Amino acid sequence: MSPTLSRVLDEGRDELTAEEAEQFANEQANEYLGMSIDKFRKLAANDCLSHDDPMVVHIALLAGVQLHSC
């Protein structure tokens, strides 16, 4: 489990703050794609990500990034 989600659950919460959501998106991008969320956003804006990769779609949804083919 991600450090951000672990901390939130340990605190007994079931929602993320905007800052925590950004941290979680960054953790997911790093873990599954080996890049920061900032780099992910830049690549998405330039249509340089695989739209067939479910993790790309997952992280795009987390980050509020629109993929060109979606």
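Glu20 is buried, with a relative accessible area of 7%. I start there, then widen out to the rest of the protein. Before that, one caution: this is a predicted model.

Glu20 sits in helix H2. Which residues does Glu20 touch, leaving out those up to four places away in sequence? The list is Thr4, Arg7, Val8, Arg13 and Glu15. Glu20 counts as buried because its 7% relative accessible area falls under the 20% cut-off.

Thr4 is on that list, and Thr4 belongs to helix H1. Buried or exposed, where does Thr4 fall? Thr4 is buried, at a relative accessible area of 1%. Beyond its neighbours within four places in sequence, Thr4 is in contact with Leu16, Glu20, Gln23, Phe24 and Glu27.

Now the overall layout. The protein has 4 helices and 0 strands, and the pattern along the sequence reads α-α-α-α. The C-alpha trace spans about 40 × 20 × 20 Å along its principal axes. Of the 70 residues in the protein, 29% are buried. The protein exposes about 4,500 Å², and carbon and sulfur atoms supply 51% of that area. As for contacts with a separation of 6 or more, 23% are between residues 24 or more positions apart.

On charge, the protein carries 5 positive and 13 negative side chains. The centres of those two sets lie 7 Å apart.

Back to H2, in more detail. H2 has 16 residues and reaches 22 Å from its first C-alpha to its last, close to the 22 Å expected at 1.5 Å a residue. Which residues of H2 are buried? They are Glu20, Phe24, Ala25, Glu27, Gln28 and Ala29. What do the buried residues of H2 pack against? They pack against helix H1, covering residues 3-10, and against H3 and H4.

Two residues of H2 deserve a slide each. The first slide is Phe24, which lies in helix H2. Phe24 is buried, with a relative accessible area of 11%. Setting aside neighbours within four places in sequence, Phe24 is in contact with Ser2, Thr4, Leu5, Leu16 and Leu62. Take Ser2 from that list: Phe24 and Ser2 are 22 residues apart in sequence, and their C-alpha atoms are 7.2 Å apart in space.

The other slide is Leu33, also found in helix H2. How accessible is Leu33? Leu33 counts as partly exposed, because its relative accessibility is 23% and the buried class stops under 20%. Leu33 touches Gln28, Phe40, Asp53, Met55, Val56 and Ile59, not counting residues up to four places away in sequence. Leu33 and Ile59 are 26 residues apart in sequence, with a C-alpha to C-alpha distance of 9.3 Å.

Just after H2 comes Gly34, which takes a positive phi of about 70°. There is another positive phi at Asp47, near 55°, and Asp47 is a residue other than glycine. Most residues other than glycine have a negative phi. Where is Asp47 placed? Asp47 is in the loop between H3 and H4. Asp47 is partly exposed, with a relative accessible area of 39%.

That leaves the nonpolar core. The largest nonpolar core has 13 residues, and Ile37, Phe40, Leu49, Val65 and Leu67 touch the most other members. Which helices each supply at least two residues of this core? Helix H2 (18-33), helix H3 (37-45) and helix H4 (54-63) do. The largest share, 4 residues, comes from H4.

Leu49 is one of the core residues that touch the most other members. Not counting residues up to four places away in sequence, Leu49 touches Met35, Phe40, Leu43, Ala44, Val56 and Leu67. Phe40 appears among the contacts of Leu49, and Phe40 is also touched by Leu33. Val56 likewise is touched by Leu49 and by Leu33.

To recap. At one end of the story, Glu20 of H2 is buried and touches residues including Thr4 and Arg7. Phe24 of H2 is in contact with Thr4 as well, and with Leu62. At the other end, Leu33 touches residues including Phe40 and Ile59, and H2 is among the helices that each supply at least two residues of the largest nonpolar core.

Methods: Residues numbered from 1 in each chain as written. Predicted model: local features only at pLDDT ≥ 70, side-chain atom pairs only at ≥ 80, totals over all residues. Heavy atoms only, no water. Core = buried A, V, L, I, M, F, W, Y, C linked by side-chain atoms within 4.5 Å. Buried < 20%, exposed > 50% of the residue type's maximum accessible area, 1.4 Å probe, protein only. Contact = heavy atoms within 4.5 Å. Areas by Shrake-Rupley, 256 points an atom, 1.4 Å probe, with all protein chains shown as cover. Lys, Arg positive; Asp, Glu negative; His and termini not counted. Charge placed at Lys NZ, Arg CZ, Asp CG, Glu CD. Expected span 1.5 Å × (residues − 1).
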